Every structure is written in C-alpha cells, then in structure tokens.
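Q: Please take a close look at one strand of this predicted model and the strands paired with it. Please then relate that part to other regions and to the confidence of the prediction.

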Amino acid sequence: MSLSPKPAKRLRVELDLSNVGKSNFESYSSSETQMILQARADALQQLEKLDLELQRQYIPETVIEYEAVSAKVERFNIALAPHRKLPTEIWRHIFLLGSIDWGTTSIPYPYNPVVISQAAVSQVCSIWRQIALSTSGVWNNVEILEAAATWDVERLLYMIELWFGRSGSSLISFRCELPDIVVKTLSLTQYRFRKLDIVLTTDFVETLLKLPYKALIDLEELCLQLHKADGDFNIPLLTPPLRFPRLTYLNIPDGTHQNYWWLDMEAFELPWNNLHYFYLGNANPLPFSSILKILGQCTVLEELSVHMLENDLEQSPAPLEVVNNTTLHAFFLTFVHEGDFHALVSNLRLPNLSRLCIAGDFVPWTDDIDELVIERFNLPRIKHLSVESVSEPFIPLTLLKSALCLEQLWLPDATVLTQEILDGLSTGALGPYLNHLCIPSRCNGDAMLDMIEARQMAATEQKEQKDRGELVDGSKPITLLKSVIFACHLARSEQPELDRRIEVLKDVWKMEIEAMEVN
C-alpha cells in the first residue's frame, strides 16, 4: 500500500478568473482568495517554462503567450493587494485627507494627468466614483476660474450647483472673481459657507449683507474685493450688521481700480473676540482712532494690515490711554501724513510682535522713534523688520544692536551703511540670525560683497568649531545669508568685475545676490 501523500484537492469556486483584478474595489471571500492564489502560482510556473523556451529559441508566438500570462499575473497581484480589504469608511477618510492636499475643485476642471484631484479620483472606477461623490467633504472647496467667464451663465450655474450639491450638509469654501456669478451663486441660500473669497461691484454689496443668517453663521474667512460699479460715483458707507459671528479672518484688499470706499468703523460690527487676521487695503484708510479701536477690542488678533489716514485724536484734550495688545504677532502699517507715526508708536504697546512692516510717505525716523520702537514694539524679539521711505538719513545701528533675533530685514532708500554696521553684519555681532537682507539705497558694491563673503566664512567656521566641539559656551550662533539685494552705482569699467564676484559668491555659497544699478 502506497504511503505517499495524496495530491491536494483544487478548490472549485464559481469565480470567473478572467475578470479578476479588473475592478478597483472588488473584494473576495477567503475561498475565492485561495483560488486566486492557486491560479497565480500556476501562472508563475507557466512563466518559468515560457522563459526557458525563449532562452532556447526565440519564437514570436511564445513571446505573445508570455506577455498574456504576465498580464494575468499582474491582475492577480492587483486582486490580492492589501487595500482590497479596506472598508468603504476607510476609503472615505483617505479621500477626505487627500482633498486637503488637492485643494480646490476648479470649474472648469483643468485637465492634468499628473496631478491627482477630486475629479481624477472619481474617474478611476465606478466604485471609487460612488464613494467620492457620496463623500461631501471632498467637494466643498470650489473655485471658479477666469476661463469660466466665456461659459454660458446657465451652464456655469448648473455646474456650481452640482458641485455644491455634492458637498451635502458640509460647509462650503467658495472663490470667484466674476461679480455677476458671485451674486447668482450667493442666491443659492440653502448652502452654508465656511470661506468666501469673492469680488463684488459696489452696487451688489447688499446682496452679501442680506443673505440669510444661517448662510453666514458659520463663516470663518471672508476676502471681499470691491470694484466700483459703472456710474457709481457716490459710494455709501459700508455698515454691515453683525452677520459674521464666527469670523476669524477678514481681508478687504484693493480692487483692480483704485476707487476709494469707506468702512464705517463706528457702525461696522465684527466678532472682535474671534478675529485673528484683519487686512485692509490702501483704498480703505482708517483714522488713528479706528486703529486703536481694532487693537483694543480684538483680544485674539494675530495679524493686522492697515493704512492710517490721519490722526483724528491729535486735538484730544485728555491724554490718550496706551493700548496694550498682547496677541498681535504681525503689524503691517502705512501712512498718509508723516507726523502720525510718532503718535501711533507712543500710544501702542505690542509686547509679542515678531513681524513689523512700516511704509508711507517719508516716515520721520528720529532717535526718539528708535527708543519707542525698541520699547513698545518688542524689537529685541522681532524676526522680520521692513522700513520704507524715511524722511531722514537712516542709520539702523541702534535698531540692529537691539534686534538680535532678526531673520529678514528690508531697509529704506535713505539707509546709510556705516563701516561699523558692515563690520557687525560680517562678524555676526549684528543680525546673527539674519538670512535675508534688502538694502535698496546706494551702497559701495565691493564693500557689500566683502561683507557677504566675510559673513559666510564666519558662519561656516563657527559651524566647523561646533562640530569639532571647540565652540565656546555662550557663543552667539551665526547663520549663513541666503539672499542679499542691494543698490550700487558703478562706472561701466567696474561692472564686469562686480558681476564676476557676485557669480562666484552665488556659486560657492548657493545663495541669491542681486545688485540693482542706480544712477
């Protein structure tokens, strides 16, 4: 009697192996999986035999058969891939996470076979399409591209409503620079918005303000660009009621046409305790009192960009109380009247400021201003400082001695770089963390390049000392400069040598250097 083992029985399951692996979401039972594994093993054995035959003799028919069996093995590998076992809810979550990186759903859809997007995922297979279309959070970030301006309005509105409909009950982010389409879209009042980035003409502002309360109750971000309507010469004060109770971000930039319109800060009601970011374009300047009101009422404000119109409190009989805002990190300020900067700095205290940008028509910068900025605006901890258009020769030595955390520095045209400043920058005694420097005033080109070269060498030497363990404890770290922009005036014969030195420094230190020629 033979004791040899009996051959294993082949599993016989009603499964069409010719269709296995063609669907992107088909799942298989354990018995079906075993059948696919067996079929894959058989196919691999067949490939080995065909490979040996081809090594002995090249026959076209054998090559065709080899390619067909290889394709079969690939389908079996697809069918056995681990992601086949993922339930629908996991796929839904994957698509939601992916939509964060994919960004907006654009109309018209910009075809790009390399870039994954909501529309691309929904076209992979019927199962993925079903899951994607039923996942509301994948479709709630809609952008209307400028190319849609050529579309038929009814067709475009149909597409917008189709996209909005896919968002279900989730909050919608909507961006559109076509005012007529914005107005018609906002009329779809059954939807709720989380973010609006829109362009309106001044005669349609009321459309936004009259939206049902439920449409705006969850609005967190509003970017509203206003264009002056044709024939609209008397633009009324914009006095919206408290319609945005959860607003955290408000941006009202300048329109394409610089038409001044006015935001009545006395009547403008905002959720001051929620607002984190507030940006106003130069076309909407505010008086001094309104700026103090914003900084005094916004208890969580992180960034403010504003254009100061006038000091309307200059004749106030009582001394002003200093406004202390501990949450502001970035302050972008421009001026109309040169005498107002001192008043503003004198009446503000911003102890946690890390970015300060000051611009205007010839800011009167004096030693007194130096002291006030250092004391009131947290200069020792500021990382980004930009000053434009000062009325006096600007020698930033005092500021640089205090601003030891600076990473980016933009200086005005009237800057005077003394040898002490150049020496301090080259050794890291001034601006030790500095990596971006812009000085549009006329400089000595060779002196600037000498400073850059010395600075890079000092930073490199310090790093080498640290790697060798030779760096003295308490030494201030020195960073490499990444980009430097400066202006200089050279005779035509000197330009080639300056250009040569710049190219050498850029190549050696892998940095950006731009020398602007001035007359």
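A: Ser 386 of strand E13 is the bridge partner of Cys 357. The strand to which E13 is joined here is E12, residues 355–360; the two run parallel and are linked by four bridges. Strand E14, residues 408–410, also pairs with E13 in the parallel sense, over three bridges. In that pairing, Leu 385 stands opposite Leu 409 of E14. Between E13 and E14 the chain passes through helix H13, residues 397–402, in a β-α-β crossover that is right-handed.

The side chains of E13, which spans residues 384–387, point in two directions: His 384 and Ser 386 one way, Leu 385 and Val 387 the other, and all are buried. In a regular strand, side chains alternate between the two faces of the sheet. As for confidence, E14 has the highest mean pLDDT among the elements of the protein chain, at 95, whereas helix H4 (residues 118–121) has the lowest, at 71.

A parallel arrangement is also found at strand E3, residues 172–176. Four of its five residues are buried, so E3 is largely enclosed by the rest of the structure. E2 and E3 run parallel and are joined by four bridges, with Asn 141 opposite Ser 173 of E3. Together with helix H6 (residues 153–166), these two strands make a right-handed β-α-β unit. E3 is further joined to strand E4, residues 193–201, by five bridges, again in parallel; there Cys 176 stands opposite Ile 198 of E4.

Asn 140 belongs to the loop between helix H5 (126–133) and strand E2 (141–144). Asn 140 counts as buried because its relative accessible area is 18%, and buried means under 20%. A polar atom of the Asn 140 side chain lies 3.1 Å from the backbone oxygen of Leu 171. Leaving aside neighbours within four places in sequence, Asn 140 is in contact with Ser 167, Ser 170, Leu 171, Ile 172 and Ser 173.

Another buried loop residue is Leu 275, with a relative accessible area of 0%. Leu 275 is found between strand E6 (249–252) and strand E7 (277–280). Not counting residues up to four places away in sequence, Leu 275 touches Leu 247, Thr 248, Tyr 249, Leu 250, Leu 270, Cys 298, Val 300 and Leu 301. From C-alpha to C-alpha, Leu 275 and Ile 294 are 9.9 Å apart, with a separation of 19 residues in sequence.

Helix H1 (residues 30–56) has 27 residues and reaches 40 Å from its first C-alpha to its last, close to the expected 39 Å. Its buried residues are Glu 32, Met 35, Ile 36, Ala 39, Ala 43, Leu 47 and Leu 50, and the buried residues of H1 pack against helix H2 (60–79).

Finally, the protein chain averages a pLDDT of 81, and 84% of the residues score at least 70. Over residues 1–13 the pLDDT is below 50, and this stretch has eight contacts in the model beyond near neighbours in sequence. Over residues 233–241 the pLDDT also stays under 50, with 22 contacts beyond four places in sequence. Where pLDDT is low, the predicted coordinates should not be read in detail.

Note on methods:
Residues are numbered from 1 along each chain as its sequence is written. This is a predicted model: local features need pLDDT of at least 70, side-chain atom pairs count only at pLDDT 80 or more; totals for chains, interfaces and linings use all residues. Side-chain values use heavy atoms; hydrogens and water are left out. Buried means under 20% relative accessible area, exposed over 50%, partly exposed in between (1.4 Å probe, protein chains only). A polar contact is a pair of N or O atoms within 3.5 Å; within protein, one must be able to donate a hydrogen and the other to accept it, and residues adjacent in sequence count only if both atoms are side-chain atoms. Contact means heavy atoms within 4.5 Å. Two strands pair if DSSP finds at least two bridges between them. A crossover is right-handed if, with the strands pointing away from the viewer, the path from the first strand over the helix to the second runs clockwise. The expected span of a helix is 1.5 Å times one less than its number of residues. pLDDT is the predictor's confidence in each residue, from 0 to 100.
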